[in-house]
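Trainee: I would like to go through this model with you. Can we take the protein pairing, then the DNA?

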2 protein chains.
Amino acid sequence: MSLSIADRSLLEPAARRLNALRPLSAEARAALDYAMLEGLQRAGSGEDLISEGDPVDSVRVVLSGWLCRYKTLEDGRRQIVNFIFPGESCDAHAYLLAVMDHSIATLTPVVYAEIKRARFESLIAGDRSLAEAFWCESLVNNAIQREWAINLGRRVALERVAHLFCEIFERLRPVGMIEGNSCIMPVTQMDLADATGLSVVHLNRTVQELRASGLIVLRERTLTINDLDALKDAALFSPSYLQLYRSG
Amino acid sequence: MSLSIADRSLLEPAARRLNALRPLSAEARAALDYAMLEGLQRAGSGEDLISEGDPVDSVRVVLSGWLCRYKTLEDGRRQIVNFIFPGESCDAHAYLLAVMDHSIATLTPVVYAEIKRARFESLIAGDRSLAEAFWCESLVNNAIQREWAINLGRRVALERVAHLFCEIFERLRPVGMIEGNSCIMPVTQMDLADATGLSVVHLNRTVQELRASGLIVLRERTLTINDLDALKDAALFSPSYLQLYRSG
DNA sequence: CGTGGAGTTGACGTACGTCAATAACGGTGG
DNA sequence: CCACCGTTATTGACGTACGTCAACTCCACG
């Protein structure tokens, strides 16, 4: 079969990202594209796609929009443990596991492809590079998760927020979602607070400190980084954990 | 070939753990055992097995002893991002990646099996259940890493330390390393501080608070949990993320 | 005009970190 | 066996980066 121009551009982020992790054969990519097109779905902003404790019966690949993984404590305290950007998959990370250990919520309206478990299994059984690409994705995710641990455990508020902005920026870059030194930042300060382990009030003051120092502009849901190198310095940010540059 | 009794008991934790993640065929297990026996290594306490930035050219499976994954910031701040216990593998999580994003250090004398990259690749290429077991291990690791994020970001000191003790205890249980309500705790308070994102001083005070409340006894490198349920309550600990009970 | 979510600000409290001293411990050599 | 030493654990005094509470503003959307 052949894909329309519209289909191609819709599926582009996923193909681009997986291919960056592991080179995919043309057949593998075609099979994946076809499976994704069959399961296209939309969700509004602020919806839970799946919740902690839910059984995992499909893998979702995000085509547009932002999501987050989060966990909550009984008394309501909430921690966003990671973001999910276009091209990334939701729960391939869990397809071998019985139930979700965390929840996934949309932060914006989202388009994603849902691939049922059996379908996904036959996909990756049929092509080694595809299986490796998804495995690789979960390894990169693991590395990101480790960086978040040191971010939450050892960086002070200003470094923490600066680091988060650097990471978001660098993760959006390879999927073509930045323009110059700006990107959209479609989340509330409460989300940013939950991602950095801060209170909303202190997050707000920290953002203002970053603004006052001239490092960033954040308004109207757009983040502009005036001096990326300076922001990285302030954040003690070193991008190697993102594994963006593969040696082969 | 056949294994001696001593070999069997040495390799037991690894086989037990991988098998719990995914049932291994007898052939797969034999092949893995053989590969491990070929690459047996020992390391003393306090050694770095591999450092951030190093290329990954082999997978290590821990047979006895404790290790930790850690990251450091330029100015020396250090965060232990996870522990590694017998039966777990070190860098299968990274074998598809070019370089390490973190360091791995021994916390005690350690026996491990080193499997070279090419050897490991042919092992998992030859048996699907083995590949899945290792993938599964990295998924569980990912889930643990997420729990650490909420631990560092949203739990207060007492909950954090209590949670760490619960996690260690429950992870040691399936590899037969607890006795009654006790397990060894061969790490310094500085290590525990680096794992919980606290200062040594505050960690010490927190441990004493746990002692004073009668929840734990910690002395002579042994942790005794007087009332596990009470400790779990204090920690807001829910073990499902450890994926210890698989539905199949 | 309301209404509610998001952002912002001030006042104040506190859980943590830092610094520094001391005590307990474990190993080493005499 | 003891003297010595470095590492680890503990304690007190004090500082501070953060959280909490509460008010107020500013929109966006009815």
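Mentor: What follows is a set of short questions and answers on the two protein copies and the DNA strands. This is a predicted model, so local features need pLDDT of at least 70, side-chain atom pairs count only at pLDDT 80 or more, and totals for chains, interfaces and linings use all residues. Residues are numbered from 1 along each chain as its sequence is written, chains are lettered from A and ligands numbered from 1 in the order written, and side-chain values use heavy atoms, without hydrogens and water.

Trainee: What kind of axis relates chain B to chain A?

Mentor: Two copies of a chain are related by a rotation about an axis and a shift along it. Here the rotation is 180 degrees, the shift is 0.0 Å and the RMSD is 0.0 Å. The fit is by least squares on C-alpha atoms of residues with pLDDT of at least 70 in both copies. That is the relation of a two-fold axis.

Trainee: Which three residues of chain B supply the most buried area against chain A?

Mentor: Chain B and chain A bury about 4900 Å² between them, 59% of it on carbon and sulfur atoms. Buried area is the accessible area (1.4 Å probe) that two parts lose on being put together, summed over both. One trio supplies 19% of what chain B buries. The three are Trp135(B), Arg146(B) and Arg154(B).

Trainee: Which element of chain B gives the most to the side that touches chain A?

Mentor: The contact (heavy atoms within 4.5 Å) takes 54 residues from each of chain B and chain A. There are 26 residue pairs in polar contact between the chains, both at pLDDT 80 or more. A polar contact is a pair of N or O atoms within 3.5 Å; within protein, one must be able to donate a hydrogen and the other to accept it, and residues adjacent in sequence count only if both atoms are side-chain atoms. The top element, with 20 residues, is α4(B).

Trainee: Which residue of chain A forms a salt bridge with Glu147(B)?

Mentor: A salt bridge is a side-chain nitrogen of Lys or Arg within 4 Å of a carboxyl oxygen of Asp or Glu. Across this interface there are eight; one of them pairs Asp194(A) with Arg154(B) at 2.8 Å. For Glu147(B), the closest N and O atoms are 2.5 Å apart, and the partner is Lys71(A).

Trainee: Why does that pair join two chains?

Mentor: Look at where each residue sits. Glu147(B) lies in helix α4 of chain B, and Lys71(A) lies in strand β4 (residues 67-72) of chain A, so the pair joins two chains.

Trainee: Which element gives the largest share of the surface near DNA strand C?

Mentor: Near means a heavy atom within 4 Å. Asn204(A) has a polar side-chain atom 2.7 Å from a phosphate oxygen of DNA strand C. The side chain of Arg211(A) has an N or O atom 3.0 Å from a phosphate oxygen. With five residues, the largest share comes from α7(A).

Trainee: What percentage of the DNA strand D atoms within 4 Å of the protein belong to sugar or phosphate?

Mentor: Start with the phosphate oxygens of DNA strand D. One lies 2.7 Å from a backbone N or O atom of Gln189(B), and one is 2.6 Å from a side-chain N or O atom of Asn204(B). Arg221(B) places a polar side-chain atom 2.9 Å from a phosphate oxygen. Bases make up the rest of the atoms within 4 Å, and the sugar or phosphate part is 70%.

How values were computed. Helices (H or I, at least four residues) and strands (E, at least two) are DSSP runs, numbered from the N terminus.
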